[in-house]
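Reader: I have the sequence and the fold open side by side and would like to go through how the pieces fit together. Could we take it one question at a time?

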Amino acid sequence: SSAASDVYKRQRNEQMILQYESLIEALPKGSIACRKNGYYYLRYRENGKLHDKYIGKDTEIVDTIREKLALRKHYTEMLSALKQEQKTIHKLLEELA
C-alpha cells in the first residue's frame, strides 16, 4: 500500500470515528427496567450516579427506546473497531516515516 493511500485511510477512519461519536451522542444510553407496577424506566449512569428516567407503560415507546439502545450498542462496537483500526494505521504510518 502506498503512503498516500495510508494517509487517505487515516483521514477516512478519523471522519468515520467522528461520525459514529456524534451518532452515539444522539442516542439514549442505559437499559430499560420494568418495575413491579408495570411502569418502564430508562436506567443509566451519569457522572457516576444511577438515574431512572420514567418512560411509562406505552410498549411502542418502550420498543422505540429498545431499538435506539440496540443501535447505540451497534455503533459503539463499530466505533471500537474503528479505533483499533486507527491504532494499526498509525503504526503503519510510523513504520513508513
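Reader: Which residue in the turn of the hairpin formed by S1 and S2 has a positive phi?

Author: This is a predicted model, and in it strand S1 (residues 31-34) pairs with strand S2 (residues 40-46) in the antiparallel sense over four bridges, one partnership being that of Ala33 with Tyr41 in S2. The two strands form a hairpin with five residues between them. Within that turn, the residue whose phi is positive, at about 85 degrees, is Gly38.

Reader: In what order do the three strands lie in the open sheet?

Author: S2 is joined to S3 by seven bridges, with the two strands running antiparallel, and Glu46 stands opposite Lys49 in S3. S2 also pairs with S1 over four bridges. The three strands therefore form an open antiparallel sheet in the order S1-S2-S3.

Reader: Which strands are the edge strands of that sheet?

Author: In the open sheet the order is S1-S2-S3, and an edge strand here is one that pairs on one side only. From one strand to the next the twist averages 35 degrees. The strands at the edges are S1 and S3 (49-56).

Reader: What angle does the direction of helix H2 make with that of S1?

Author: Helix H2 (residues 59-96) packs on the sheet, where it touches S1, S2 and S3. Taking the direction of H2 against that of S1, the angle is about 150 degrees.

Reader: Are H1 and H2 roughly parallel or roughly antiparallel?

Author: The axes of helix H1 (residues 3-25) and H2 come within 9 Å of each other and cross at roughly 155 degrees. Angles over 145 degrees count as roughly antiparallel. The crossing angle therefore makes H1, relative to H2, roughly antiparallel.

Reader: How many nonpolar residues does the contact of H1 with H2 have?

Author: The crossing of these two helices, H1 and H2, is left-handed. Sorted by class, their contact has eight charged residues and four polar ones, while the nonpolar residues number 14.

Reader: Why does the pair of Tyr39 and Tyr54 count as tilted, and how many residues apart in sequence are the parts it ties together?

Author: The count of aromatic pairs comes to three. In the pair of Tyr39 and Tyr54 the ring centres are 5.8 Å apart and the planes stand at 40 degrees, so the pair is tilted, given that planes under 30 degrees apart count as stacked and those over 60 as edge-to-face. Because Tyr39 lies in the loop between S1 and S2 while Tyr54 belongs to strand S3, the parts tied together are apart in sequence by 15 residues.

Methods
Residues numbered from 1 in each chain as written. Predicted model: local features only at pLDDT ≥ 70, side-chain atom pairs only at ≥ 80, totals over all residues. Heavy atoms only, no water. Axes fitted to C-alpha atoms, helices over the stretch in contact; angles between N-to-C directions. Contact = heavy atoms within 4.5 Å. Parallel < 35°, antiparallel > 145°, perpendicular 65-115°, else oblique. Left-handed = near helix turned anticlockwise from the far one by under 90°. Nonpolar A, V, L, I, M, F, W, Y, C, P; charged D, E, K, R; others polar. Phe/Tyr/Trp six-rings, centres within 6.5 Å; stacked < 30°, edge-to-face > 60°.
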